Amino acid sequence: MDVKASIATTVYPSHQPFTVDHILPLSQLDTDRNMNVPFRYVRAYAAADHQNADPFDVITAALSTTLVKFYPYTGSLHRRKSDGRFELHCSVGNGVPVIPATVDSPLSSVNYLDDADEEFIELLVPNPDQEARLTHVLMLQVTRFSCGGFTLGAAVHHVLCDGIGATLFFNAMAEIARGENEMKVEPVWDRSKLLGPREPARTEFPIEEFLSLDKDFVPYLGSNEDVVREICNVKDEWLDRFKIFLQEKSGSSFTTFEALGAVLWQARVKASKTPRKEEVKFGYAVNIRRVIQPPLPAGYWGNGCVPMYAQTTAGDLIDKPIWETAQLIKKSKRNVSNEYVHSFVDFQELNYEKGINAGKWVSAVTDWRHLGHSTVDFGWGGPVTVIPLSRNLLGSSEPCFFLPYSAATQGKKDGFKVLLYIHKDAVVGFREEMEKFVNMEFA
């Protein structure tokens, strides 16, 4: 299917938010080495009978108004000479590129992207190169389909924000698009003040148990060439039966994230034939906006999550019964505390130039089922489908996403889907391990 993209239009703030070029400092969470990537995703919107407006015009007009208060999205990233950390340069007259595109077919012809080909979905989202992603920290693409539906593709540099922060921005845009006079939540910057290191910086939680120091280790470098996309459909019935099984064996109850995370972690390590003595990690992000004391203000839109890890050796992971792996993930959540957050921030402050990393064998998992995407309504209703395209997450080049089925898809309401990236040589073994989960073939 052909996507006809035109030259990008630069959208500027509706009035100039500042008159003097300046530099905005970032937090230690923003400048984490794992954040030096764009996160890319696409929202699909079905046609609405009551809506005859051009989505490109609606979205660009709303963007222009929203950029007055979210003007850092017009900035560019540069490294400080003193320590190599990123800082944001804001210059008068900059804007955000938005690409207009069209597809001469209805969204229904690709099932509202619910199971569309990855190569096609890639054409709906900007994919800036190494230089452009620093020059343009936000790039958008509005693709209109023949039915009146459209997609909004976004490439956002992770240094600027996490998924929650980006959703705050897109919700503000959507409010303006629907005719609101002002956004409900006032954006807050104050990155270095609200999430800066203590004085003196200190690590009272043993962060070094999870993170390593290696100046020569670069996360994600040249690591996507042999990685392929895999989708697993997970039924509620399977999960319910599995969680009962885990409780009978361990005496503990488990969330869906803990239970299914254990299956995916074991399956990936087994299928990848990771050497038994290697240390492997299960990584996930924890929202700390209400964990840290005092809590971050509602309008804080920077990175507000810290990585959390469960870890063991590959051999132990493979040999353990599955309920012990679930227990390991469950236990790791107990580390979430105000002190953990401050120690993580301070560890970044003390060791940034030494090359902080989580190592080579990270299985990163994130749950996108409850991130609030459905509230991003530009006047056509919320998105019926949201699909991530990022292959780099928490130091892993093979991330895993829990995703809801498309709201426009009939007959697939049971359960949800798991989208993951995995080395092509491990696909067959991974499918075999997941089949054991479906058939409850656990020792």
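**Exercise 1.** In this predicted model, determine which residue of β18 stands opposite I231, and describe the pairing of β11 with β18.

*Solution.* Step 1: I231 stands opposite L419 in β18.
Step 2: β11 and β18 are paired in the antiparallel sense, over eight bridges.
Step 3: Strand β18 also pairs with β17 (residues 400–403), in the antiparallel sense and over four bridges. Here K417 in β18 is the bridge partner of L403.
Step 4: Of the eight residues of β18 (residues 416–423), seven are buried, so the strand is largely enclosed by the rest of the structure.

**Exercise 2.** Establish the strand order of the open sheet and explain why one side of β11 and of β13 is left without a neighbour in the sheet.

*Solution.* Step 1: The open sheet is formed by six strands in the order β11-β18-β17-β15-β12-β13, and its pairing is mixed.
Step 2: β11 (227–234) and β13 (305–313) stand at the edges; each has a single partner strand, so one side of each lacks a neighbour in the sheet.
Step 3: On average, and with direction ignored, neighbouring strands of the sheet are turned by 20° against each other.
Step 4: A parallel pairing joins β12 (residues 279–287) to β15 (residues 362–367) over three bridges. G283 stands opposite A364 in β15.
Step 5: Helix α9 packs on the sheet, where α9 touches β12 and β13. The direction of α9 makes about 145° with that of β13.

**Exercise 3.** Classify the relative orientation of helices α6 and α9, and characterise the residues of their contact.

*Solution.* Step 1: The axes of α6 (residues 236–250) and α9 (residues 322–332) come within 9 Å and cross at roughly 90°.
Step 2: Angles of 65 to 115 degrees count as roughly perpendicular, which makes α6 roughly perpendicular to α9.
Step 3: Helix α6 contributes F242, F245, L246, K249 and S250 to the contact, while α9 contributes I322, W323, A326 and Q327.
Step 4: These residues divide into six nonpolar, two polar and one charged.

**Exercise 4.** Decide whether Q28 is buried or exposed, and identify the side chain with which the side chain of Q28 makes a polar contact.

*Solution.* Step 1: Q28 lies in the loop between β3 (22–24) and β4 (38–45).
Step 2: Buried means under 20% relative accessible area; Q28, with a relative accessible area of 8%, is therefore buried.
Step 3: The side chain of Q28 makes a polar contact with that of E349, at 2.7 Å.
Step 4: With neighbours within four places in sequence left aside, the residues in contact with Q28 are R85, L195, G196, P197, V345, Q348 and E349.

Note on methods: Residues are numbered from 1 along each chain as its sequence is written. This is a predicted model: local features need pLDDT of at least 70, side-chain atom pairs count only at pLDDT 80 or more; totals for chains, interfaces and linings use all residues. Side-chain values use heavy atoms; hydrogens and water are left out. Axes are lines fitted to C-alpha atoms, for helices over the stretch in contact, and angles run from 0 to 180 degrees between N-to-C directions. Helices (H or I, at least four residues) and strands (E, at least two) are DSSP runs, numbered from the N terminus. Angles under 35 degrees count as roughly parallel, over 145 as roughly antiparallel, 65 to 115 as roughly perpendicular and the rest as oblique. Contact means heavy atoms within 4.5 Å. Ala, Val, Leu, Ile, Met, Phe, Trp, Tyr, Cys and Pro count as nonpolar, Asp, Glu, Lys and Arg as charged, and the others, Gly among them, as polar. Buried means under 20% relative accessible area, exposed over 50%, partly exposed in between (1.4 Å probe, protein chains only). A polar contact is a pair of N or O atoms within 3.5 Å; within protein, one must be able to donate a hydrogen and the other to accept it, and residues adjacent in sequence count only if both atoms are side-chain atoms. Two strands pair if DSSP finds at least two bridges between them.
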